[in-house]
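Please take a moment with the sequence and the structure shown below, and then follow the paragraphs after them, which go from the surface to the interior and on to the contacts between side chains.

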Amino acid sequence: MKYFGTDGIRGVPNKKLTMDLVSKLGMSLSLLNNKDVVIATDTRVSKDMLSYAIAGACLSRGLNVHFAGVIPTPALIYYSYIKGYTGVMITASHNPYTDNGIKVLNKGFKLKESEELLLEDFIDHPTNYEGDVGKFILEANAKQIYLDFLFKHIQKSNLKIAIDCANGATYETAEAVFKRVTNQLVVISNQPDGYNINQDCGSTHLDLLKKTVIEHQCDLGFAFDGDGDRVLCVDARGKTIDGDMLIYLLACYLRSQNKLNKNTVVLSIMSNLGLIKKFKEIGVDVLETKVGDKYVIEALKEHQLSIGGENSGHIILPEILHTGDGVLNALLVIGLLTETNTLLEDWFDDISMYADLMVNIKVENKEKVLQNKKLYNRIDEIKKELNNDCKIIVRASGTEELIRVSVMAKTEEIVKKYSDELVAMVRESI
């Protein structure tokens, strides 16, 4: 793809995300054969420039624009789905405020490759239009309709809960929901200023949540990412419960209720070997996909399975909602703990997770690194040295100009040794 990555179009506003590109993308949405487009944003300072550019372009092509303002990505997806609208989310998810991005949905579902190619062709070869213009509508209902959906999944709890909203799109909705869950709620990172989204907070920076949970003697804490489709957790001891572990928790519960379809879960290739071995030990099959929630969603749909996700905190239970939703999944975890009268830490003491380390290396030419045969020959050698009891993945980020080097093995010493070696090889090839 020329413009679309693994999750829409990402870049720095006024550099990759120019007004010309964004406007042409907005005009191209008329090719999706839908008269209505709903637009929402996270809290980045560039949200207004990008959302108004897209809105103006849509209006110029006769499309009606429903502007929903700041709401989480799953809220936009849910509203787009129930209304049958084209959806546009202005967000760069877990990235810093300097980046932004545009996710496009067709009636609540991510675009097919054929649809992305259709839009890209229009961007490169725009056509004239002399028809009627569309209407601009401030869509006040989108947030409340989404909240009403979440309220159906609330179970009251006596647990003391902390939530970290990443100064992002969940800063209002998450607090509104969890105030109905518990009378003992601690909320942090809910004061967005356009620049502090994901800044030392949220699911990519858990230290603040860990500190908050311990200082306030909370039973657990949840951290969302900038657009609200991911969640990670911290237990009462301040220990990280990542997406893999939350999938394990929810899958075990579904299995106990005879609701784990085909006794199988979907994980990405980044998922922890210790978790995979534990699933096999208890008789649950694992289907692994490429990195990216769209691949998890495709596998869930193709095989008609009931849960899947990534260690980053994207978790999808398609029989409830067909996309990852951090707040929804946090509610499901609370409901599970309440129903089973257990604590979060009770579920994981018998799992031996493998040590792992991911290093991000900024590059200008990702393809050049990925064509380094010497690097991949060395990876094959390392796997033999470790009797294949490891995971080593070198891949290009689909959302940033980065090469990600991931090493997973039984001990931190082994991981550090081989990670340092492979990172050095990548840097040499830049």
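A patch, as the word is used here, is made of residues with over 30% relative accessible area and no salt bridge, and nonpolar side chains are joined into one when they lie within 5 Å. The model is a predicted one, and in it Val-45, Tyr-97 and Tyr-195 make a nonpolar surface patch of about 270 Å². Val-45 sits in the loop between strand 2 (36-41) and helix 2 (47-60). Its relative accessible area is 38%, and Val-45 is therefore partly exposed, since that term covers the range between under 20% for buried and over 50% for exposed.

From the surface we can turn to the interior. Rolling a probe the size of a water molecule over the atoms shows where empty space is left. Counting cavities of 30 Å³ or more gives two of them, and the largest has a volume of about 160 Å³. Its lining is made by 17 residues, and those that lie nearest the centre of this cavity are Asp-7, Gly-8, Lys-103, Val-104 and Lys-110. Helix 3 (73-83), strand 5 (100-106) and helix 10 (293-303) are the elements that give two or more residues to this lining, and strand 5 gives the most, with three residues. What is the character of the residues that line the largest cavity? They divide into seven charged, five polar and five nonpolar residues.

The second largest cavity holds about 30 Å³ of space. It is lined by Asp-235, Arg-237, Lys-239, Ile-241, Met-245, Glu-345, Phe-348 and Asp-349, a set that divides into five charged and three nonpolar residues, with no polar ones.

Charged side chains also meet one another in this model, where the count of salt bridges comes to 22. In one of these, Asp-124 pairs with Lys-2, and the closest N and O atoms are 3.2 Å apart. Asp-124 belongs to helix 4 (residues 113-124), whereas Lys-2 lies in the segment before strand 1 (9-11), so this pair ties together parts that are 122 residues apart in sequence. How accessible are the two partners? Asp-124, at 33% relative accessibility, counts as partly exposed, while Lys-2, with a relative accessible area of 53%, is exposed.

A second salt bridge brings us back to a residue of the cavity lining, for Lys-103 is bound in this way to Asp-229, with the closest N and O atoms 3.4 Å apart. Asp-229 is in the loop between strand 10 (220-224) and strand 11 (231-235), and Lys-103 is in strand 5, so that the pair links distant parts of the chain, 126 residues apart. Are these partners buried or exposed? Both Asp-229 and Lys-103 are buried.

In another salt bridge the side chains of Lys-278 and Asp-350 meet at 3.0 Å, N to O. Lys-278 lies in helix 9 (residues 273-281) and Asp-350 in the loop between helix 11 (326-340) and strand 17 (355-362), so parts that are 72 residues apart in sequence are tied together by this pair. Lys-278 has a relative accessible area of 8% and is buried. Salt bridges that share partners also join Asp-7, Lys-103, Lys-110, Asp-227, Asp-229 and Asp-293 into one network; of these residues, Asp-7, Lys-103 and Lys-110 have already been named among those nearest the centre of the largest cavity.

The backbone deserves a look as well. Lys-107, which is found in the loop between strand 5 and strand 6 (109-110), has a phi near 55 degrees, a positive value in a residue other than glycine. With 41% relative accessibility, Lys-107 counts as partly exposed. Ser-189 has a positive phi of about 55 degrees although it is not a glycine, and its place is the loop between strand 9 (185-188) and helix 7 (207-215). Ser-189 counts as buried, at 12% relative accessibility.

Last comes Thr-323, in the loop between strand 16 (315-316) and helix 11, which at 6% relative accessibility counts as buried. Between Thr-323 and Lys-160 there are 28 Å in space, C-alpha to C-alpha, and the two are 163 residues apart in sequence.

Key
Residues are numbered from 1 along each chain as its sequence is written. This is a predicted model: local features need pLDDT of at least 70, side-chain atom pairs count only at pLDDT 80 or more; totals for chains, interfaces and linings use all residues. Side-chain values use heavy atoms; hydrogens and water are left out. Patches are made of residues with over 30% relative accessible area and no salt bridge: like charges are joined within 9 Å, nonpolar side chains (Val, Leu, Ile, Met, Phe, Trp, Tyr) within 5 Å. Accessible areas come from the Shrake-Rupley method with a 1.4 Å probe; for residues, only the protein chains shown count as cover. A salt bridge is a side-chain nitrogen of Lys or Arg within 4 Å of a carboxyl oxygen of Asp or Glu. Helices (H or I, at least four residues) and strands (E, at least two) are DSSP runs, numbered from the N terminus. Buried means under 20% relative accessible area, exposed over 50%, partly exposed in between (1.4 Å probe, protein chains only). On a 1 Å grid over the protein atoms alone, a cavity is a set of points where a 1.4 Å probe fits but cannot get out, and a pocket is an open set with protein on both sides within 12 Å along at least five of seven lines; lining residues have an atom within 4 Å of a point. Grid points are joined across faces, edges and corners, and a volume is the space filled by probe spheres set on the points. Ala, Val, Leu, Ile, Met, Phe, Trp, Tyr, Cys and Pro count as nonpolar, Asp, Glu, Lys and Arg as charged, and the others, Gly among them, as polar.
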